[in-house]
Amino acid sequence: MEIYKENKNSKGKSEIQRIIIETLSKLNYNKGRDYYFGGKIEDGVLLLTNNLRFQGKNVLRYQDTEGRYIFKDMINIVSSEGEGFYEYMWERPGYIGKGYRKISYVKRLEPLNLWIGTGEYYVDFQHELQQELLEEISRVSSGERCHIFVGNFSGINLISKDKTRSYLFWKNWWELEDSKGIKIVQDFKKAAEKKDGDFVNYSWYKSSKKKPVERIAFVKGISDWKWMLGAEIYLDEVEDIIASNKAA
């Protein structure tokens, strides 16, 4: 709209349209993976796209892998509502197949009877959100005694505040056992699959002790992501805290 307002008194509509298309075609965001697309409302010709096989062509008959006439539907949205969201399946650059769920926002540029849209793949958004959360959790301090961990249901440790166990990062420790032969990670998963999470008791080696020490963890799951989040502490440290509080 800013381009249109700046040029409407000095240039024709076709020239303004060309400037808008050229400007938006150069813009990318979200680390270069997202872009703008759009075209004419009256004839369904796609003027703006990152896919050359659609450039300048009527795309009203194009269907996604689930049979949706996606461009026709998008044009119907902007024609009737002016703007809106639309969910569909689309090919993902660098990946085989066309079955990747995507959501786009489309809007009508009324003075030129154009429509413009931009979208995001669910899987990309989810991955980026997960990485942000892991980075945030890694910065959270729960004190010197209590350690935070995040893993997935397959047994891969994604992060931990326990620096003495850094060798576990990004490895599959599904078969990891404590000093008594308890498969710790498998018990973590059982706890994470419960609605409200659960506690898991096990024994682990402590640098200040010559023998394994009892430890307790509370684990809760994020079922949609197949993640398990937990916090763990040695029981002797809990006893120290209780004794210190009693003395105070």
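Visitor: What is the radius of gyration taken over, and what is the globule rule?

Guide: The radius of gyration is taken over C-alpha atoms, and the globule rule is 2.2 Å times the number of residues to the power 0.38. For a compact globule of 248 residues that gives a value near 18 Å, but this chain has 27 Å. Its C-alpha trace spans about 85 × 40 × 30 Å along the principal axes.

Visitor: What kind of model is this, and how are residues numbered?

Guide: This is a predicted model, where local features need pLDDT of at least 70, side-chain atom pairs count only at pLDDT 80 or more, and totals for chains, interfaces and linings use all residues. Residues are numbered from 1 along each chain as its sequence is written, and side-chain values use heavy atoms, with hydrogens and water left out.

Visitor: How do I read pLDDT here?

Guide: pLDDT is the predictor's confidence in each residue, from 0 to 100. The chain has a mean of 90, and 94% of its residues reach 70 or more. Among the elements, helix α3 (residues 70–80) has the highest mean, 97. Strand β8 (residues 157–160) has the lowest, 79.

Visitor: How many helices and strands are there?

Guide: Both are DSSP runs, numbered from the N terminus: helices are H or I with at least four residues, strands E with at least two. This chain has 6 helices and 11 strands.

Visitor: How many residues count as buried?

Guide: Buried means under 20% relative accessible area, exposed over 50%, partly exposed in between (1.4 Å probe, protein chains only). Here 38% of the 248 residues count as buried.

Visitor: Which residues have a positive phi without being a glycine?

Guide: Asn 113 and Lys 226 are two such cases. Asn 113 has a phi of about 55°. It sits in the loop between β5 (100–109) and β6 (114–121). Asn 113 is partly exposed, at 23% relative accessible area. Lys 226 has a phi of about 60°. Its loop runs between β10 (213–222) and β11 (227–234). Lys 226 is also partly exposed, with a relative accessible area of 48%.

Visitor: Which residues is Lys 57 in contact with, beyond its sequence neighbours?

Guide: Contact means heavy atoms within 4.5 Å. Leaving aside neighbours within four places in sequence, Lys 57 is in contact with Gly 44, Val 45 and Leu 46. Lys 57 and Val 45 are 12 residues apart in sequence, yet 5.0 Å apart in space, C-alpha to C-alpha. Lys 57 lies in the loop between β3 (46–48) and α3. Its relative accessible area is 46%, so Lys 57 is partly exposed.
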